[in-house]
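Reader: I would like to learn how to read a protein model feature by feature. Please give the general idea each time, then the case at hand.

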Amino acid sequence: MKPVAYLSILSILFASCSSSPQSVSSRAPTVTVPITSMKGTPASTPTPRPTSSPSPTSTLRPTKEFPLSQFFPLALSYTTSDWAITQVGTYHWLGLGHRQIAGCYLREQGGTDVSIEFVSTTRIGKVAYSIYAWAGGEPESYGRMYFADDSSLVSESNYKPVFSVSIPYSADKECISEVAELLATLHNLSQ
């Protein structure tokens, strides 16, 4: 073929490509796809992910530290909605009083000459306690002593923490339960 023939073919092709079509359909062609049964497993439905919703503020239980003066650097963590720092006993020692259970008090105990009776040894939180009881000084309550037997909590004074608890007869189970929650928080502030 001669070069002139190439030019005439190219010009025809170029003219056919650049010219606009005479009629353009505005509708797309319809494609029919036959429906067949699926013998495989159906597509899995994505399971919704659990979302955490914020707790109502009424369920928040703000806590504070109650550092032990005789067994420093040990402390108890208490919820301010349940416990308040108060003066306890005849000598007005500083301790924690329960806000809803009248007569339910806890304080740290130094040396004592009270005649006490062994009740049990139990683990409360991470600490084992030996529990002793005595008749209370007030007619509507009795007392318990909680001796922390955990040597890992012994402070520089080499004494194990001891707590004195006043328990009202009218709500003794509730008071003992609340005290156990409180004693379970015994920890070292320096760690």
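Author: Read along the sequence, the chain has the pattern α-β-β-β-β-β-β-β-β-β-α-β. That makes two helices and ten strands. The model is predicted. Of its 191 residues, 29% count as buried. Among contacts between residues at least 6 apart in sequence, 46% join residues at least 24 apart.

Reader: How should I read a sheet, and in what order do the strands of the open sheet stand?

Author: Strands of a sheet pair through backbone hydrogen bonds, in a parallel or an antiparallel way. Here, three strands form an open sheet in the order β1-β2-β10, with antiparallel pairing. β1 (63-67) and β10 (187-188) are the edges; each has a single partner strand, so one side of each has no neighbour in the sheet.

Reader: How many bridges join β2 to β10?

Author: Two bridges join β2, residues 74-79, to β10, and the two strands run antiparallel. One residue to look up is Leu74, whose bridge partner in β10 is Asn188.

Reader: What follows β10, and which residues does Leu189 touch there?

Author: Leu189 lies in the segment after β10. Leu189 has a relative accessible area of 36% and is partly exposed. Leaving aside neighbours within four places in sequence, Leu189 is in contact with Glu65, Pro67, Phe72, Pro73 and Ala75. The C-alpha atoms of Leu189 and Ala75 are 6.4 Å apart, although 114 residues separate the two along the chain.

Reader: Now the other pairings. Which strands form a hairpin with six residues between them?

Author: β4 and β5 form that hairpin, and Gly103 in the turn has a positive phi of about 90°. The two strands pair in the antiparallel sense over two bridges, and Leu96 stands opposite Leu106 in β5. β5 also pairs with β9, in the antiparallel sense over four bridges. In that pairing Tyr105 stands opposite Ser166 in β9.

Reader: How do I read a disulfide, and which cysteines form one here?

Author: A disulfide is a covalent bond between the sulfur atoms of two cysteines. The count in this model is one disulfide. Cys104 and Cys175 form it, with their sulfur atoms 2.1 Å apart. The torsion about the S-S bond of Cys104 and Cys175 is about 85°, so the disulfide is right-handed. Cys104 lies in the loop between β4 (93-98) and β5 (105-108), and Cys175 lies in helix α2, so the pair ties together parts 71 residues apart in sequence.

Reader: Are these two cysteines buried or exposed?

Author: Cys104 is buried, at 0% relative accessibility. Cys175 is buried as well, with a relative accessible area of 0%.

Reader: Cys175 leads to the helix. How do I read the sides of a helix?

Author: An α-helix has 3.6 residues a turn, so residues three or four places apart point the same way. α2 has twelve residues and reaches 16 Å from its first C-alpha to its last, close to the 16 Å expected at 1.5 Å a residue. Its buried residues are Cys175, Glu178, Val179, Leu182 and Leu183. These residues cover an arc of only 135° around the axis, which puts them on the same side of α2.

Reader: Which residues have the most contacts inside the largest nonpolar core?

Author: Tyr129, Tyr146, Phe163, Val179, Leu183 and Leu186 have the most contacts inside this core of 28 residues. β2, β7 (127-135), β8 (141-148), β9 (162-168) and α2 (172-183) each supply at least two of its residues. α2 gives the most, with four residues. Val179 shows what such a position touches: leaving aside neighbours within four places in sequence, Val179 is in contact with Trp83, Cys104, Leu106, Tyr146 and Val165.

Reader: One loop residue to finish. Where is Leu153 found?

Author: Leu153 is in the loop between β8 and β9. Buried means under 20% relative accessible area, and Leu153, at 11% relative accessibility, counts as buried. Beyond neighbours within four places in sequence, Leu153 is in contact with Leu74, Val127 and Leu186. The C-alpha atoms of Leu153 and Pro73 are separated by 9.3 Å, with the two residues 80 apart along the chain.

Technical notes. Residues are numbered from 1 along each chain as its sequence is written. This is a predicted model: local features need pLDDT of at least 70, side-chain atom pairs count only at pLDDT 80 or more; totals for chains, interfaces and linings use all residues. Side-chain values use heavy atoms; hydrogens and water are left out. Two strands pair if DSSP finds at least two bridges between them. A nonpolar core is a set of buried Ala, Val, Leu, Ile, Met, Phe, Trp, Tyr and Cys residues joined through side-chain atoms within 4.5 Å. Buried means under 20% relative accessible area, exposed over 50%, partly exposed in between (1.4 Å probe, protein chains only). Contact means heavy atoms within 4.5 Å. A disulfide is a pair of cysteine sulfur atoms within 2.5 Å. The expected span of a helix is 1.5 Å times one less than its number of residues. The arc is that of the directions from the helix axis to the C-beta atoms.
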